[in-house]
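Ready for a short walk through a protein model? Open your viewer, switch on a cartoon view, and keep the selection tool at hand.

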Amino acid sequence: MTVFGHSGGGFLAGKQVFPVDYEAEVSQRLLEASNSGDLRSALECIEDPFVDVNFIGAVCLKVRKTEVVLRDESSNEVRVEYEEFKTDVTALFLAVHAGNVTLVKKLLSIGADVNQKLFRGFATTAAVREGHLKILEILLKAGASQPACEEALLEASCHGRARFAELLMDSDLIRPHIAVHALVTACCRGFVDVADTLMKCGVNVNATDRVLLRSSKPSLHTNVDCPALVAAVVCRQVSIVRLLLQAGARTDIKVRLGAWSWDTASAEEFRVGAGLAEPYAITWCAVEYFEVSGSILRMLLRHFSPDTLIMEELSFTMPFYVAMQELSMCS
């Protein structure tokens, strides 16, 4: 609005006045108090009748993230780092992120929405990512929805949170295809406890899921429909392969990841790009994505007799000879 003043027979120039949005101001103060861990100030803001408990505002947030680092001829490494950036959040999300049980309970008691989704996920996602099991239990009892639980399960599979995965599976809100995706993701990253927990909760070890498979040597970066065993072999996860085989994972499967071929004129060997070759056996996959200790190939070969067609096919390939030589050196 514009305000005019009168002085000495004349009008002063108009002055623009902007009204103060007190509700937004006190709600933002609640966010800042929640983010800094100032419980007293947060509770004072909550008592204000104008506060919006589900107000979304921007704060600078420090979050945990995991990154898969590729290693030549050996298992991938899962690296945990923290990053800080400005993002939209709610007071409940911040309280969960910080692990403040008292504030979480108070916010829920006055109507905080447990199923409000933000850029960094649901409150359940934050609880899993930062490792707050008790808070996750509170959120589940407060009515966490199926989407909130499923996203939290995928977060657990990415961060290696086995107890969280078990709690979420027990909620009966996880659909089968989401559980399979969580299993394959955990197998790619080498989280044995998570994979074991999911299988004990009834996840089908032989179910197929679409997942991004990566390898530095040989080069691979492609989305593939495959079971958990293929993902573990390509990612060279020895302990996971052992676990899956013990759980009854099928080895009579074929996968389309790429292959070796030869120039008929020069007999020169060359590699066909990922996704362009005919499907080939899981043992072929173990040869192409050979793990330095040779453990994966050994485990798989125990499931085949020397006179099978698969062994015959492998024996004619140069990668097989190379793998056998490396196996003999590892023995």
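## A pocket and its surroundings

Our starting point is the lining of the largest pocket, which by class has eight nonpolar, three polar and two charged residues. Before you click further, keep in mind that this is a predicted model.

**Stop 1: the largest pocket.** Select Thr185, Cys188, Arg189, Val211 and Leu212, which lie nearest the centre of the pocket among its 13 lining residues. The volume of this pocket is about 280 Å³. Which elements give two or more residues to its lining? They are H7, H9 and strand E7, residues 209-216. H9 contributes the most, with four residues.

**Stop 2: H7 beside H9.** Now colour helix H7, residues 146-159, and helix H9, residues 176-189. Two packed helices are described by the angle between their axes and the distance between the axes. For H7 and H9 the angle is about 15 degrees, and the axes are 8 Å apart. Angles under 35 degrees count as roughly parallel, so H7 and H9 are roughly parallel to each other. Their crossing is right-handed.

Show side chains next. On the H7 side, pick Glu150, Leu153, Leu154, Ser157 and Cys158; they meet Ile178, Ala179, His181, Ala182, Thr185, Ala186 and Arg189 of H9. This contact is made up of seven nonpolar, three polar and two charged residues. Two residues from the first stop turn up again here: Thr185 and Arg189 are part of the H9 side of this contact.

**Stop 3: two loops with a surprise.** Most residues other than glycine have a negative phi, and most peptide bonds are trans. With that in mind, select aspartate 172, in the loop between helix H8 (162-169) and H9. Aspartate 172 is not a glycine, yet its phi is positive, at about 60 degrees.

Then move to the loop between E7 and strand E8 (219-226), where you will find proline 218. What kind of peptide bond joins lysine 217 and proline 218? It is a cis bond, with omega about 0 degrees.

**Stop 4: H1 against H2.** Jump back along the chain and select helix H1, residues 22-36, together with H2. Are these two roughly parallel or roughly antiparallel to each other? Their packing angle is about 155 degrees, with the axes 8 Å apart. Angles over 145 degrees count as roughly antiparallel, so that is the description that fits H1 and H2. The crossing of this pair is left-handed. From H1, Val26, Arg29, Leu30, Ala33 and Ser34 take part in the contact, and from H2, Ser41, Ala42, Cys45 and Ile46. Sorted by class, that gives six nonpolar, two polar and one charged.

**Stop 5: H2 against H4.** Keep H2 (residues 39-47) selected and add helix H4, residues 101-109. Here the packing angle is about 5 degrees and the axes are 11 Å apart, so H2 and H4 are roughly parallel to each other. Look for Leu39, Ala42, Leu43, Ile46 and Glu47 of H2, which meet Thr102, Leu103, Lys106 and Leu107 of H4. The classes here are six nonpolar, one polar and two charged residues. Ala42 and Ile46 should look familiar, as they also belong to the contact with H1.

Notes
Residues are numbered from 1 along each chain as its sequence is written. This is a predicted model: local features need pLDDT of at least 70, side-chain atom pairs count only at pLDDT 80 or more; totals for chains, interfaces and linings use all residues. Side-chain values use heavy atoms; hydrogens and water are left out. Axes are lines fitted to C-alpha atoms, for helices over the stretch in contact, and angles run from 0 to 180 degrees between N-to-C directions. Angles under 35 degrees count as roughly parallel, over 145 as roughly antiparallel, 65 to 115 as roughly perpendicular and the rest as oblique. A crossing is left-handed if the near helix is turned anticlockwise from the far one by less than a right angle, and right-handed if clockwise. Contact means heavy atoms within 4.5 Å. Ala, Val, Leu, Ile, Met, Phe, Trp, Tyr, Cys and Pro count as nonpolar, Asp, Glu, Lys and Arg as charged, and the others, Gly among them, as polar. On a 1 Å grid over the protein atoms alone, a cavity is a set of points where a 1.4 Å probe fits but cannot get out, and a pocket is an open set with protein on both sides within 12 Å along at least five of seven lines; lining residues have an atom within 4 Å of a point. Grid points are joined across faces, edges and corners, and a volume is the space filled by probe spheres set on the points.
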